[in-house]
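The exercises below are meant to be worked with the sequence and the model open side by side. Each task is followed by a solution that proceeds step by step.

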2 protein chains.
Amino acid sequence: MKRTHQKFSVVRGGVTTAKGFLANALYSGIKKSGRKDLALLYSVSPAVASAAFTTNAFVSSSIELTREHLRSKTTRALIVNSGNANCAVGRTGYGDARLMARLAARELGIEPVEVLVASTGVIGKRMPIDSVSKAIPELARGLDRGKGGVFAEAILTTDTRKRESCVRLEIGGKEVTIGGTAKGAGMIYPELKTENHATLLSFITTDADISKGLLDEALEEAIGQSFNMISVDGDMSTNDTVLAFANGLAGNERISGKGSDFENFKAGLDYVMGELARMVVRDGEGATKFIEVKVKGARSMADARRIARKVTTSNLLKTCVHGGDPNWGRIIASAGSSAVAFRPEKVDVYLGGIKVVSAGARFEKAAAKRLKDVFMKKDVAITVDLKSGRGEAIAWTCDLSKEYVNINAEYST
Amino acid sequence: MKRTHQKFSVVRGGVTTAKGFLANALYSGIKKSGRKDLALLYSVSPAVASAAFTTNAFVSSSIELTREHLRSKTTRALIVNSGNANCAVGRTGYGDARLMARLAARELGIEPVEVLVASTGVIGKRMPIDSVSKAIPELARGLDRGKGGVFAEAILTTDTRKRESCVRLEIGGKEVTIGGTAKGAGMIYPELKTENHATLLSFITTDADISKGLLDEALEEAIGQSFNMISVDGDMSTNDTVLAFANGLAGNERISGKGSDFENFKAGLDYVMGELARMVVRDGEGATKFIEVKVKGARSMADARRIARKVTTSNLLKTCVHGGDPNWGRIIASAGSSAVAFRPEKVDVYLGGIKVVSAGARFEKAAAKRLKDVFMKKDVAITVDLKSGRGEAIAWTCDLSKEYVNINAEYST
């Protein structure tokens, strides 16, 4: 247990730390690099599943299938491929996803509808479904509690490192674990919607016993403060998928109403998903710095979120943070372009705690040297205070570097 | 006369080509580089003026003053500084703009309310108003018909070259000239609104005799197809200003109703502003390529515009064009994230005339070699056909290069 936070403890772990979850991953022939590209997650007992998907008009065929399979009351498994988005390939995409689910189900002795499918990678290229199919038996045979980390590695594409987060908490005297992983480094500007809805992929497992309705609600709230508040490049994917599985093996009295148990569970889930979201940004394509934008004093939380997200997509801000140049004019220009109505003459802006704008104008006392120091740090915190209400939100992004251009000028070829 | 287009002729010229317009520019102490930073435009007889400004919540004090002065029935002059945005500097900003107008008016023997002010440059720094003030008499003394080009140079900041466009047409037997200039290379994602509203600056002069109401209408329509359809970096400025002046010296029968004269005038204005807008993109910060995104078959023009603009702000698209990588998946992902509802299974996509997506899926016949050739060209044309209606729009952007990061990592310091 690394540190204590509210009513949960942060522990080392990922998708197989909660009781009853097994995982495996291997190379199935999709990635040119030869790195692992096919992963399987399995719950030894039926789990309820909550989901959130991209709101893009173009959607991966894997998501189409997963949406249908989520109509099943319980879920047992998830098969994920990386290196291919299974998107914009016509009808074969849906058929490929269905085949993956069916073959996994056969190996596991469960129903195909109990298997979900997720994909990430290049758009518009058919998957090498034959070699993927052949790999599934071996994938299923190797399922193991110790392979959460291998699973987390196999879902990566341009990401440079795996991301895991895990907490433990007590519910009704029983120890409950919530663990997860996420991938995503580019095409990161999720706008996920629960029950309808990177390429952000994030998978959360818990052994808590919780009703589907409350898991849905907890997931939606957690997404609103985590994945839906990050941006690497402002580009929304066709494949963004967040899935949470709860298999009840902790043996707690079922969480089926709102109360302190639900609040504790939510706090743990918020922590895990917030950590994963911030890890995605820290490892964003070409990222050398981490930027936190907090907007407070807005008329509503929706206004605060809108402004915070707008500022995190500003290429001009991202480049000046990259260069260590405290050009706060770019912050106010971006905040002002969010289409949220506010009174500019009231606005204060802080860079790393140093006030630079007071009542909408340059704050003369800001020391140029100290500001420059703040902007040279690896983590840059920006606060915009609209002083017009109680709405508050935090969004995260990374700097925009020449390496970002390198990575993306020649990705598909 | 370089070439003939519709009912007008394209001629070499700028803001002083139309009859009765004089200009001058000089260095007044604002720019560290020592390049020209103060410019004056003057009409020898009273002109009607139409304007469009940024919709940013933060607005330059120069725009505040200009809005007030536009209440005057006629306008005689425009004073423009570059190197300082005159924005977020508190009350002194408005006072500085007013002083500039007053001093120019005194030298020209006109009323201060007949002088408009525009600014572009760094946000949050007070102008060196004393040295600017001292320069104004010399500025006014040197006004000349031959200095349209000097004016066009003086309004530049990170731009690498001046931009001018000019047409001649006949209205009621009289020769009418419409000429203009524009600056802007970064912080370019204008959303200009007429009568309310980069740093885009563009100034248009004409000797046509036209009513204020119709000039307003013509300007608004022209902006909708030109400046409001360009993006360099997706960042909206606090200072965007487009101004059009018509002094009536062509001696045509006043255009005061809709008809063929108005249509001809509009066609000329559309051409000049369209050319200027595309020049801004071609010279966008770090630009090595020019990208045109046409969306057709949308349910409405508004839908088409929204999708086209969304695609032009995609960093992923801009980087793959930079690298010559025809990664069209990024186009559909971006189009699909515009929040416009459409049927993805109907969509066709063309790159430089080569079909790559047919009915929402990879078009197998697309030749990789030819595609790569298309993407290696300096001008890249993208068409997205939604096949769901008659709405059509074209937007323009440039590629995203390492040079863009260089330019913007250390701009203010």
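**Exercise 1. Salt bridges**

Task: Establish how many salt bridges the structure holds over all chains, and examine where they do or do not occur.

Solution: Start with the total, bearing in mind that this is a predicted model: over all chains the structure holds 38 salt bridges. Next, take one of them in chain A, where the side chains of A:Asp283 and A:Arg163 meet with 2.9 Å from N to O. Then consider the surroundings of this pair: A:Asp283 counts as buried, at 5% relative accessibility, and A:Arg163 is buried as well, with a relative accessible area of 1%. A further salt bridge, in chain B, joins the side chains of B:Asp216 and B:Lys212 at 3.1 Å, N to O. Finally, turn to the interface of chain B and chain A, across which 0 salt bridges are found.

**Exercise 2. The contact between the chains**

Task: Describe the interface of chain B and chain A by its residues, its buried area and its polar contacts.

Solution: Count the participants first: chain B contributes 52 residues to the contact and chain A contributes 52 residues. The two chains bury about 4,500 Å² between them, and 60% of that area lies on carbon and sulfur atoms. On the side of chain B, the residues that lose the most area to chain A are B:Phe58, B:Leu316 and B:Val405, which together account for 14% of what that side buries. Polar contacts are also present, since 17 residue pairs (both at pLDDT 80 or more) are found in polar contact across the interface. As a last step, compare the two surfaces: 100% of the interface residues of chain B are also interface residues in chain A, so the copies meet through the same surface.

**Exercise 3. The relation between the copies**

Task: Determine which rotation and which shift superpose chain B on chain A.

Solution: Two copies of a chain are, in general, related by a rotation about an axis and a shift along it. Here the rotation is 180° and the shift along the axis is 0.0 Å, with an RMSD of 0.0 Å for chain B on chain A. That is the relation of a two-fold axis. To locate the axis in chain B, look for B:Lys402, whose C-alpha is the nearest to it, at 2.4 Å.

**Exercise 4. Cysteines and the nonpolar core**

Task: Decide how many disulfides there are over all chains, and then identify the residues with the most contacts inside the largest nonpolar core.

Solution: The count of disulfides over all chains is 0. A:Cys398 is in no disulfide, the nearest cysteine sulfur being that of A:Cys320, 14 Å away. In chain B, the closest cysteine sulfur to that of B:Cys398 belongs to B:Cys320 and lies 14 Å away, too far for a bond. Both positions are enclosed: A:Cys398 counts as buried at 0% relative accessibility, and B:Cys398 is buried with a relative accessible area of 1%.

For the second part, the largest nonpolar core has 176 residues, and those with the most contacts inside it are A:Phe227, A:Phe265, A:Leu351, B:Phe227 and B:Phe265. Leaving aside its neighbours within four places in sequence, A:Leu351 touches several residues, including A:Trp328, A:Val356, A:Phe375 and A:Ile382.

Technical notes. Residues are numbered from 1 along each chain as its sequence is written. Chains are lettered from A and ligands numbered from 1 in the order in which they are written. This is a predicted model: local features need pLDDT of at least 70, side-chain atom pairs count only at pLDDT 80 or more; totals for chains, interfaces and linings use all residues. Side-chain values use heavy atoms; hydrogens and water are left out. Copies are superposed by least squares on the C-alpha atoms of residues with pLDDT of at least 70 in both. Contact means heavy atoms within 4.5 Å. A nonpolar core is a set of buried Ala, Val, Leu, Ile, Met, Phe, Trp, Tyr and Cys residues joined through side-chain atoms within 4.5 Å. Buried means under 20% relative accessible area, exposed over 50%, partly exposed in between (1.4 Å probe, protein chains only). A disulfide is a pair of cysteine sulfur atoms within 2.5 Å. Buried area is the accessible area (1.4 Å probe) that two parts lose on being put together, summed over both. A salt bridge is a side-chain nitrogen of Lys or Arg within 4 Å of a carboxyl oxygen of Asp or Glu. A polar contact is a pair of N or O atoms within 3.5 Å; within protein, one must be able to donate a hydrogen and the other to accept it, and residues adjacent in sequence count only if both atoms are side-chain atoms.
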